[in-house]
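User: I would like to go through this structure and ask what stands behind the words used for it. Please set each value against its cut-off.

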Amino acid sequence: MATRVRPSSKRCAVIGGSGFLGRHLVEKLLDRGYSVSVFDIRQSYELPGVTFYQGDLCDKQALLAALKDVSLVFHCASPSPASDDRALFERVNIQGTQTVIQSCIESGVQRLVLTSSASVVFEGTDVKNGREDLPYAKKPIDYYTKTKIEQEKLVLKACDKQKGFLTVAIRPHGIFGPRDPQLVPILVDTARRGKMKFIIGDGTNLVDFTFVENVVHGHILAAERLRADSPICGKPYHITNDEPIRFWDFMSQVLVGLGYPPPRYHLPYSLVYGLALLLWLLSVLLSPLISFKPTFTPMRVALAGTHHYYNCKRAKEDLGYTPVVSLKDAIARTVESYPHLRCEA
Ligand SMILES: NC(=O)C1=CN([C@@H]2O[C@H](COP(=O)(O)OP(=O)(O)OC[C@H]3O[C@@H](n4cnc5c(N)ncnc54)[C@H](OP(=O)(O)O)[C@@H]3O)[C@@H](O)[C@H]2O)C=CC1
Ligand SMILES: CC(C)=CCC[C@@H](C)[C@H]1CC[C@H]2C3=C(CC[C@]12C)[C@@]1(C)CCC(=O)C[C@@H]1CC3
C-alpha cells in the first residue's frame, strides 16, 4: 500500500490558484496542513498561509521566484474555454506549459500534477463511458481542446523517474460548484434572455458534471501517491462524480433550484448544430465589420446534445478515488451558493 506523504512538512505551489478550481484546491491544501504559494496572472483573494506571486506563467523568471523551496506543483491555469484566441491558447497552454516544466526541473520540484481535461478525447460525437486509453481527438472541437491535448502530452512525457521528476494528469469533466464563473452564470444568463425554452435533441444524452470538491480530492490523492514506485507516474486519470446524468436534467435541476422554468420544447440536434455552424461562419466573415459572439456555438451545441461521460475505474484502482460529494448534494450546495442569481419574478 502507498505510504502517505506527511503534508505538514510540505510546501506546494498552485499555478492558476486564483481561479475557480485553483482556489478550492488551495483551500483544501491549507486544511491539510500544506503551506501554499499561488502563482497567477491575477490575485483574487487573500488567505493566511498563502503567498501570492502575480505573473504570467510564460515568464520563467517570475515562475522561478514562486517555485523556490517548493517540491510539489499543481498546474491548473489556462485561458477560459470561452475565448477563441488561438494565439493565446498556444502561448499559454503549450509554450507556457513548457516553461512550467523547465522551471520545475530547474527549481528541483519533484512532483507536477496537471489539470488536463476529459475533453482531450472529445470530437463532438458521443463518448460513452470513455476510458483513458481512448486516442486523443484527431479533430479537436476548438483551440482550447487542441492545446489541452498538447499540454497533457508535454507534461506526461516529462515524467522521468531517473531524474526524480514525476508527473501525472487529472482529467476532470464539467466542473461545477460555488464560485464557478462559467456554468451556472451562463445558464442563468441564457434563461434570463428567454433562450432556455428548448431541449436540443431528444434530451436523453448522458454527461458527467463533476463537483469541484471531488476534482480537488482527485488532485490531492494523485499528488500524495506520486512516487517513483507508484503506477500513476506519467499517466492521465479521469476524475468525475461517477454519476452520469442527462445533460438536460442537470440543467433543469439547476434552473428549477434557482426559480427558473426548465426547458420543455424539443429541437432536432442536426438543425440546431447546422444553425450554430452558420452563425459561427457569419461571425467570422463579418468580424472586420461587426463583432458578435453567438450563444449557440457549434461547440456548445455539441456539448449540449451528445453523450460525453467517462469511466473513472483507473482512478478508483490506482488513486483510491471515490467521489466525496454526491451529485444530489453537489447540486443543492451549488444552487444555495448563488442567491444573487435567483429568479426575482
Ligand atoms: N471548468 C471546467 O469545467 C473544467 C476545467 N478544466 C481545467 O481546469 C483548470 C482550471 O479551470 P477553471 O478553474 O475552471 O479556470 P479559471 O479560469 O477559473 O482558472 C484559471 C486561472 O488561471 C489564470 N491564468 C490564465 N492564464 C494565465 C497565465 N498566462 N499565467 C498565469 N495565470 C493564468 C486565470 O486568470 P484569468 O481568469 O485572468 O484568465 C485564472 O485565474 C484549467 O486548466 C481547465 O482547462 C478541465 C476540465 C473542465
Ligand atoms: C459537461 C461539460 C463539459 C460542461 C461544460 C460547461 C459549459 C460548456 C456548459 C455550461 C452551460 C451550458 C449551456 C449551453 C451549452 C454548454 C454550456 C455552456 C447552452 C448554450 C446550449 C444551448 C442551449 O440551449 C442553451 C445552453 C445554456 C447552457
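Analyst: A residue is called buried if 20 or more other C-beta atoms lie within 10 Å of its own, and exposed if 12 or fewer do. The model discussed here is predicted.

User: What makes Leu-221 count as buried or exposed?

Analyst: Leu-221 sits in helix H6. It has 23 other C-beta atoms within 10 Å, and the cut-off for a buried residue is 20 or more. Therefore Leu-221 is buried.

User: Which residues does Leu-221 touch, leaving out those up to four places away in sequence?

Analyst: Leu-221 touches Leu-319, Gly-320 and Tyr-321. Contact here requires C-beta atoms within 7 Å. As for Gly-194, Leu-221 is 27 residues from it in sequence and 42 Å from it in space, C-alpha to C-alpha.

User: Why is Asp-69 called buried or exposed?

Analyst: Asp-69 has 11 other C-beta atoms within 10 Å, and a residue with 12 or fewer is exposed. Asp-69 is therefore exposed. Its place is the loop between helix H2 (60–66) and strand S4 (72–75). Its phi is positive, about 65°, although Asp-69 is not a glycine.

User: How do you know whether Asp-242 is buried or exposed?

Analyst: Asp-242 has 21 C-beta neighbours inside 10 Å. The cut-off for buried is 20 or more, so Asp-242 counts as buried. Asp-242 lies in the loop between strand S12 (236–239) and strand S13 (245–246). It is a residue other than glycine, and its phi is positive, near 60°.

User: What makes a set of residues a nonpolar core, and which members of the largest one touch the most others?

Analyst: The members must be buried residues of certain nonpolar kinds, joined through C-beta atoms within 7 Å. The largest such core has 92 residues, and Cys-12, Ala-13, Val-14, Ile-15, Val-73 and Ala-222 touch the most other members. Helix H6 (residues 212–225) gives the largest share of this core, 7 residues. Val-14 has contacts that include Leu-25, Val-36 and Phe-74, with residues up to four places away in sequence not counted. In soluble globular proteins, nonpolar side chains tend to be buried together.

User: Which residues come nearest to ligand 1, and what kinds make up its shell?

Analyst: Of the 27 residues around ligand 1, Gly-16, Gly-19, Leu-21, Ala-77 and Ser-78 come nearest. Helix H1 (20–31) and helix H3 (86–107) are the elements that each give two or more residues to the shell. The largest share, 3 residues, comes from H1. By kind, the shell divides into 11 nonpolar, 12 polar and 4 charged residues.

Note on methods: Residues are numbered from 1 along each chain as its sequence is written. Chains are lettered from A and ligands numbered from 1 in the order in which they are written. This is a predicted model: local features need pLDDT of at least 70, side-chain atom pairs count only at pLDDT 80 or more; totals for chains, interfaces and linings use all residues. A residue is near a molecule or strand if its C-beta atom, placed from the backbone, lies within 6 Å of it. Helices (H or I, at least four residues) and strands (E, at least two) are DSSP runs, numbered from the N terminus. Ala, Val, Leu, Ile, Met, Phe, Trp, Tyr, Cys and Pro count as nonpolar, Asp, Glu, Lys and Arg as charged, and the others, Gly among them, as polar. Two residues are in contact if their C-beta atoms, placed from the backbone, lie within 7 Å.
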